[in-house]
Amino acid sequence: MLMLAFLSGCQVLNVTKEDAALGPSSNPVTVDNVNKNDRLAKLSAEQHPRILATYGGEYKDAKLERMVAKVVGNLTTVSDNPTHTYRITILNSPNINAFALPGGYLYVTRGLLALANDSAELAAVIAHEMGHVIANHGIERQQREQEAVIAGRVVSEVLQGDTAGQEALIRGKLRMAQFSRNQELQADAIGIKMIGEAGYDPFAAPRFLQSMASYADFRNVSGATDASLDFLASHPSAPQRIELARGHARRIGAPGVGTTDRDSFLKGIDGILYGDTPEEGYVRGRNFVHPLLGVSFTVPDGFTIDNSADAVMATGPGEVAIRFDGTQISGNPSMTDYMRSGWVTGLDDASVTATTFNGMPAASAKAKADRWEFDIFVVNAGNRIYRFLTAAPAGSTALMPASQTVVQSFRLLTPEEKAAAKPLRIRVVTVKSGDTLSSLSSKIMGTDRKLDLFRLINAMPPGGTVSVGDKVKLISE
């Protein structure tokens with residue numbers, strides 16, 4: 001069974017109608033010391049482990065935490081309640097997100113920090129989330145969430161014939177109910193006013209909204225391929241919303257007003273992890289490499305890899321999907337017996353075939369569920385069974401080519417390859433004489449679209465270039 005647990009952006013506490021009159025706690029608490037008389041904050045504390053589990057746990061980096069805390073501190077001084085304190089958690093996720101819970105809990109992902117380019121942009125996102133809490137939007141949204149499909153849905157390996165589940169697996173991920181358009185615009189207004197009063201550039205808000213929209217078009221190279229966990233999953237970035245944000249900024253002052261505090265921000269994010277963690281393996285274009293497990297494979301042309309702690313998914317043209325995972329075993333079970341052990345629904349028993357793969361015991365089989373057909377391959381590599389499940393609409397001629405391509409590419413890494421596989425990180429460098437867009441972007445790792453990604457992470461406008469002395473972000477091991 002595969003547990004799909006999803007949270008979307010602006011995640012807020014689920015509360016009942018009787019909480020409707022409550023605002024953010026005037027006596028904030030920490031996760032380790034919950035005020036027993038503050039029911040709202042106590043419930044927020046109960047959500048904390050769920051958020052950590054969904055977003056990869058906490059990302060520890062002392063200088064990064066100090067930089068984020070500085071921004072939050074500046075915002076707190078201009079909030080409606082300057083005595084309100086916050087607990088800040090940086091989440092170990094490549095997704096672009098930030099959210100807040102009533103009771104003083106603020107969350108920001110390392111993926112968002114890697115995309116932003118200055119403190120004002122970070123302040124704009126955090127102030128927006130504070131705006132949702134200040135305006136009690138999470139409480140208002142609760143009624144709609146009662147009707148939404150939320151985190152915790154369990155889907156079987158071949159989805160138990162559940163058509164809705166099949167569509168979710170192949171076409172997208174489940175996400176929680178969105179805030180209303182008016183709530184988003186109200187949070188924008190509150191947040192932009194806050195960053196202006198805190199002395200930050202108010203135009204950072206529309207600027208970063210545009211950066212996130214650009215990222216959404218380029219996310220397949222970031223390692224963050226679960227769109228339901230991104231900020232824009234519940235924060236629509238329509239052009240008119242960006243223009244409204246510019247309007248709010250103009251009411252504070254002309255472009256150039258306020259500080260960006262860029263140098264402080266870049267010092268904070270220098271060296272931050274980018275993309276996947278070693279525990280989940282690395283996506284490098286069409287290649288998946290897991291140095292801890294010591295395995296690698298390649299998906300077909302046109303496929304995008306979605307890596308998570310539970311499994312690796314790849315989707316491609318014609319609604320073809322590939323799922324890869326592994327399970328620990330003891331002893332030396334027959335691969336055909338394992339294939340028939342009940343984990344596959346709709347298995348064609350007559351199709352189960354024993355084989356070997358690079359000298360390792362293996363088996364293949366077919367299965368059907370509703371309008372889908374599956375080609376399944378399992379191989380016993382050491383003390384693990386690795387499983388490939390390729391799905392396509394019934395009658396599709398793309399099923400077997402996709403399955404054969406990925407299965408035949410599967411291999412065990414050598415000790416040298418395992419040692420050489422490193423995570424990607426953000427590296428902040430100063431442009432030197434002779435540096436060009438081409439020479440700098442050539443140092444970007446993890447994608448074939450090096451120049452495009454360089455422009456994206458540095459928020460460079462069309463036609464923009466670099467000058468000696470500029471600080472820019474690169475991505476390298």
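Start by selecting phenylalanine 454. Beyond residues up to four places away in sequence, Phe454 touches Leu437, Leu440, Ser441, Ile444, Met460, Val466, Val472, Lys473 and Leu474. Keep in mind as you look around that this is a predicted model.

**The two cores**

Now zoom out from Phe454 to the set of residues it belongs to. The largest nonpolar core has 62 residues, and Phe454 is among those with the most contacts inside it, together with Val68, Leu75, Leu113, Leu122 and Ile269. Colour helix H4, residues 119–134, next: H4 gives the most to this core, with 9 residues. There is also a second, separate core, made of 26 residues. To find this second core, select Val295, Phe303, Ala314 and Val379, which are included in it.

**A sheet with S2, S4 and S3**

Next, show the strands in cartoon style. Strands S2, S4 and S3, in that order, make an open sheet of 3 strands with mixed pairing. Which strands stand at the edges? They are S2 (87–91) and S3 (98–101); each has a single partner strand, so one side of each is left without a neighbour in the sheet. Turn the view a little and compare the directions of the strands: neighbours in this sheet are turned by 20 degrees against each other on average, direction ignored.

If you are new to sheets, here is a handy reminder: strands of a sheet pair through backbone hydrogen bonds, either parallel or antiparallel. Strand S3 and strand S4 (residues 105–109) run antiparallel and are joined by 4 bridges. For one example, select leucine 101 and then its bridge partner in S4, tyrosine 105.

Two helices are worth adding to this view. H4, which you coloured earlier, packs on the sheet, touching S3 and S4, and its direction makes about 30 degrees with that of S3. Helix H2 (residues 62–76) lies across S2 and S4, and runs at about 135 degrees to S2.

**A sheet with S6, S18 and S19**

Move on to another open sheet of 3 strands, this time in the order S6-S18-S19 and with antiparallel pairing. Its edge strands are S6 (273–274) and S19 (471–476), each of which pairs on one side only. Select strand S18, residues 424–430: S18 and S6 pair in the antiparallel sense over 2 bridges. Which residue in S18 is the bridge partner of tyrosine 274? Click on leucine 424 to see this partner.

Helices accompany this sheet as well. H15 packs on the sheet and touches S6 and S19, with its direction making about 130 degrees with that of S19. Helix H10 (residues 262–269) lies across S18 and S19, running at about 15 degrees to S19.

**A stop at arginine 449**

Look for arginine 449 in the loop between helix H14 (437–441) and helix H15 (450–457). Is arginine 449 buried, exposed or partly exposed? Its relative accessibility is 39%, so arginine 449 counts as partly exposed. Now select glycine 285 too: these two residues are 164 residues apart along the chain, and their C-alpha atoms are separated by 9.8 Å.

**The aromatic rings**

Show the side chains of the aromatic residues; the structure holds 14 aromatic pairs. One of them is formed by phenylalanine 324 and phenylalanine 388, a tilted pair with 4.8 Å centre to centre and 45 degrees between the planes. Phenylalanine 324 lies in strand S12 (residues 320–328) and phenylalanine 388 in strand S16 (residues 384–393), so the pair ties together parts that are 64 residues apart in sequence. Both of these phenylalanines are buried.

Another tilted pair joins tyrosine 386 and phenylalanine 410, at 5.6 Å centre to centre and with 50 degrees between the planes. Tyrosine 386 is in strand S16, while phenylalanine 410 is in the loop between helix H12 (399–409) and strand S17 (411–412), 24 residues apart. Tyrosine 386 counts as buried because its relative accessibility is 3%, and phenylalanine 410, at 1%, counts as buried. To see a wider group, select Phe288, Phe297, Phe324, Phe357, Phe377, Tyr386, Phe388 and Phe410, which ring pairs link into a cluster.

**Colour by confidence**

Finish by colouring the chain by pLDDT. The protein chain averages 79, and 77% of the residues score at least 70. Select residues 1–37, where the pLDDT is below 50; this stretch has 124 contacts in the model beyond near neighbours in sequence. Then go to residues 220–225: pLDDT stays under 50 here, and the model has 22 contacts beyond four places in sequence for this stretch.

How values were computed:
Residues are numbered from 1 along each chain as its sequence is written. This is a predicted model: local features need pLDDT of at least 70, side-chain atom pairs count only at pLDDT 80 or more; totals for chains, interfaces and linings use all residues. Side-chain values use heavy atoms; hydrogens and water are left out. A nonpolar core is a set of buried Ala, Val, Leu, Ile, Met, Phe, Trp, Tyr and Cys residues joined through side-chain atoms within 4.5 Å. Buried means under 20% relative accessible area, exposed over 50%, partly exposed in between (1.4 Å probe, protein chains only). Contact means heavy atoms within 4.5 Å. Two strands pair if DSSP finds at least two bridges between them. Axes are lines fitted to C-alpha atoms, for helices over the stretch in contact, and angles run from 0 to 180 degrees between N-to-C directions. pLDDT is the predictor's confidence in each residue, from 0 to 100. Rings of Phe, Tyr and Trp (its six-membered ring) pair if their centres lie within 6.5 Å; planes under 30 degrees apart count as stacked, over 60 as edge-to-face and the rest as tilted.
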